[in-house]
Amino acid sequence: TFVSDSSLDRIEEGLSIKLPSKGSFKIGANEDCHIRIPSLPDHVATLEIKAREAVLIPHVLYFNHIAVNGEELKTKKNIILKHNYLITFYPILEGENNSENSLFVNYEKIFRFVYYNRFFDPQG
């Protein structure tokens with residue numbers, strides 16, 4: 001569920017959401033997250049949108065639930081997003097130990113977003 005002030009309150013497969021031009025947006029399963037996905041960790045990351053930049057800020061405990069362009073994150077280092085970056089979020093598995101080394105196990109469901117910057121394709 002995407003929580004916003006507009007009438008759109010759900011993200012469906014294949015659809016786009018337009019984020020405000022600046023602000024900070026929490027992603028995770030918690031009720032206080034702006035982009036809420038129930039099977040993710042409570043707060044997996046924050047997306048910070050500035051005038052000319054978007055930054056993905058992984059949560060220190062859950063960076064290992066995120067991949068950018070197919071590469072799983074190895075650290076909690078912030079990621080400056082560029083046009084068409086693919087961001088994948090991996091859910092918590094039953095009995096999962098957060099110290100596991102690899103995301104690429106047999107997940108039945110993953111959540112992918114493409115960061116799309118309208119500045120580079122205003123008619124897209």
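What follows is a look at the main nonpolar core of this predicted model and at the strands around Leu-56.

The largest nonpolar core holds 21 residues. Within that set, the residues with the most contacts are Ile-27, Val-44, Leu-56, Ile-66, Leu-81 and Phe-89. Quite a few strands chip in: two or more residues each come from S1 (23–28), S3 (45–49), S4 (54–58), S5 (66–68), S7 (79–81), S8 (85–89) and S9 (111–115). The largest share belongs to S3, which supplies 3 residues.

Ile-27 makes a handy way into the core. Leaving aside residues up to four places away in sequence, Ile-27 touches Cys-33, Ile-35, Leu-40, His-43, Val-44, Ala-45, Leu-47, Leu-56 and Phe-89. Among these partners, Val-44, Leu-56 and Phe-89 also turn up on the list of residues with the most contacts inside the core.

Now for S4, the strand that spans 54–58. S4 is mostly covered, with 4 of its 5 residues buried. On one side of the pairing story is S3: S3 and S4 form a hairpin with 4 residues between them, and the two run antiparallel over 5 bridges. In that pairing, Leu-47 sits opposite Leu-56, and both of these leucines are touched by Ile-27. S4 also pairs with S7, again in the antiparallel sense, over 3 bridges. There, Leu-56 has Ile-79 as its bridge partner. Leu-56 thus has a partner in S7, Ile-79, as well as Leu-47 opposite it.

Note on methods:
Residues numbered from 1 in each chain as written. Predicted model: local features only at pLDDT ≥ 70, side-chain atom pairs only at ≥ 80, totals over all residues. Heavy atoms only, no water. Core = buried A, V, L, I, M, F, W, Y, C linked by side-chain atoms within 4.5 Å. Buried < 20%, exposed > 50% of the residue type's maximum accessible area, 1.4 Å probe, protein only. Contact = heavy atoms within 4.5 Å. Pairing = 2+ DSSP bridges.
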